[in-house]
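Here are my notes after a pass through this one, written so you can follow along in your viewer. Have a look at the coordinates first, then read on.

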Amino acid sequence: MSFERDVELLTTEAALCEPPPASRLEVMGPDGERFFGGMVTAAVEGLEPGTGCFGFITDVRGRILASATVLALEDRLWLEIPKGRGRTIIEHLEKYIVTDQVEILPLGDMASVRIAGPKSAEALADLGASAARDLTEPWSHTQVEFLDYQARLVREGNSATPAYSLWQSSAIAPLMADDLAEAGLQRVGREATEALRIEHGYPLWGVDYDDANLPQETGIEDAVDYEKGCYLGQEIVARIHYRGQPARRMCRLVFESGHLPAAGAEIEFDGRSAGTVSSVSPSPRDDAAIGLALLPRRAVEALPQARVRIEGRATRFEALAPET
């Protein structure tokens with residue numbers, strides 16, 4: 001495999017690629033949807049079965065405890081959150097259960113297989129999962145049967161290229177991936193998917209932001225519904241939105257040709273520390289390198305002429321989300 005060949009497959013064809021590490025939870029009970037709706041920034045209440053959304057689970061200060069993909073099934077919600085956050089999130093949510101009839105359980109035996117690229121739906125349909133063509137909305141999903149397997153097929157959102165996940169038992173998922181490869185889907189390396197993620201400007205919890213950050217700092221604009229009902233931390237999140245003054249903003253870095261700093265490299269702006277590089281990759285488009293970093297408002301406000309310095313070299317950057 002080569003980086004250039006993998007990028008070509010992901011941007012023009014369809015390929016098997018490694019999904020980001022994730023944990024999964026299940027929210028059950030007659031009050032489950034209403035209860036979880038009060039814990040997340042996305043509009044969960046009223047989701048029809050087969051639909052989904054993406055949001056942040058926040059604490060009372062509006063800080064992001066985890067990102068969360070939410071899938072609505074007939075009688076429960078399935079959540080995909082960052083790897084290793086399952087126990088923390090269960091304990092956090094259970095603190096707020098008083099009289100609610102809700103149960104939060106780990107889906108520890110669930111894994112996913114990921115297919116990405118503009119011809120992904122066509123490739124899946126050719127293998128028997130014709131429903132892929134009908135999943136046009138982000139986070140829409142359905143049960144499919146193909147190649148003698150059954151799986152929950154999910155149309156991903158926030159992806160640099162059309163992508164689908166097949167949710168299946170962690171024991172069966174590797175076998176399913178092998179059979180998809182044998183059926184003609186080529187595998188691509190993590191380097192290419194990382195390059196497209198960074199170019200797309202999609203940060204990951206635990207990599208580019210964490211529980212010290214507020215939703216507006218991530219640049220993921222559609223993760224917060226400002227019209228929904230109350231949720232934990234809403235007052236702080238709404239105040240920042242309407243005042244338009246997050247302390248930091250997620251930015252894409254564009255390094256000089258030949259400059260490829262490591263993640264964790266120190267960033268300076270105007271002679272002062274301005275954070276660290278959180279993600280870095282060769283560019284999928286040219287011979288430069290790109291990265292992501294949370295930069296202070298003083299740097300963002302100095303755009304478009306502003307530059308930061310990393311390892312003594314001037315570096316261009318741009319904010320990922322418009323001013324609110």
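The points below go through a helix pair, a sheet with its covering helix, and a small group of strands.

1. Keep in mind that this is a predicted model, so I'm only describing what the coordinates show.

2. Start with helix H1 (residues 3–12) and helix H6 (residues 190–200): their axes come within 8 Å and cross at roughly 60 degrees. That puts the pair in the oblique class, and the crossing of H1 past H6 is right-handed. On the H1 side, the contact uses Phe 3, Asp 6, Val 7, Leu 10 and Thr 11. H6 answers with Glu 191, Ala 192, Thr 193, Ala 195 and Leu 196. By type, the residues of this contact come out as 6 nonpolar, 2 polar and 2 charged.

3. Which residues of H6 are buried? They are Ala 192, Thr 193, Glu 194, Ala 195, Leu 196, Arg 197 and Ile 198, so note that Glu 194 and Arg 197 are in the list. The cover over the buried residues of H6 includes H1 along with strands S1 (15–17), S7 (110–116), S12 (248–254), S15 (279–282) and S16 (289–296). Right after H6 comes Gly 201, with a positive phi near 75 degrees.

4. Next, the open sheet: 5 strands, ordered S3-S4-S5-S2-S6, with antiparallel pairing. Strand S3 (52–58) and strand S6 (103–106) are the edges; each has a single partner strand, so one side of each lacks a neighbour in the sheet. On average, neighbouring strands here are turned by 30 degrees against each other, ignoring direction.

5. Inside that sheet, strand S2 (residues 22–28) pairs with strand S5 (residues 76–82) in the antiparallel sense, over 7 bridges. If you want one pair to check, Ala 22 has Pro 82 of S5 as its bridge partner. Helix H3 (residues 86–94) lies across S2, S3, S4, S5 and S6, and runs at about 175 degrees to S6.

6. Where do the side chains of strand S13 (residues 266–269) point? They alternate: Ile 267 and Phe 269 go to one face and are buried, whereas Glu 266 and Glu 268 go to the other and are not.

7. S13 pairs antiparallel with strand S14 (residues 272–276) over 3 bridges. Their hairpin has 2 residues between the strands, and Asp 270 takes a positive phi near 55 degrees there. S13 is also joined to strand S17 (residues 308–310) by 2 bridges, again antiparallel. Glu 268 is worth clicking on: it stands opposite Ser 273 in S14 and opposite Arg 309 in S17.

Technical notes: Residues are numbered from 1 along each chain as its sequence is written. This is a predicted model: local features need pLDDT of at least 70, side-chain atom pairs count only at pLDDT 80 or more; totals for chains, interfaces and linings use all residues. Side-chain values use heavy atoms; hydrogens and water are left out. Axes are lines fitted to C-alpha atoms, for helices over the stretch in contact, and angles run from 0 to 180 degrees between N-to-C directions. Helices (H or I, at least four residues) and strands (E, at least two) are DSSP runs, numbered from the N terminus. Angles under 35 degrees count as roughly parallel, over 145 as roughly antiparallel, 65 to 115 as roughly perpendicular and the rest as oblique. A crossing is left-handed if the near helix is turned anticlockwise from the far one by less than a right angle, and right-handed if clockwise. Contact means heavy atoms within 4.5 Å. Ala, Val, Leu, Ile, Met, Phe, Trp, Tyr, Cys and Pro count as nonpolar, Asp, Glu, Lys and Arg as charged, and the others, Gly among them, as polar. Buried means under 20% relative accessible area, exposed over 50%, partly exposed in between (1.4 Å probe, protein chains only). Two strands pair if DSSP finds at least two bridges between them.
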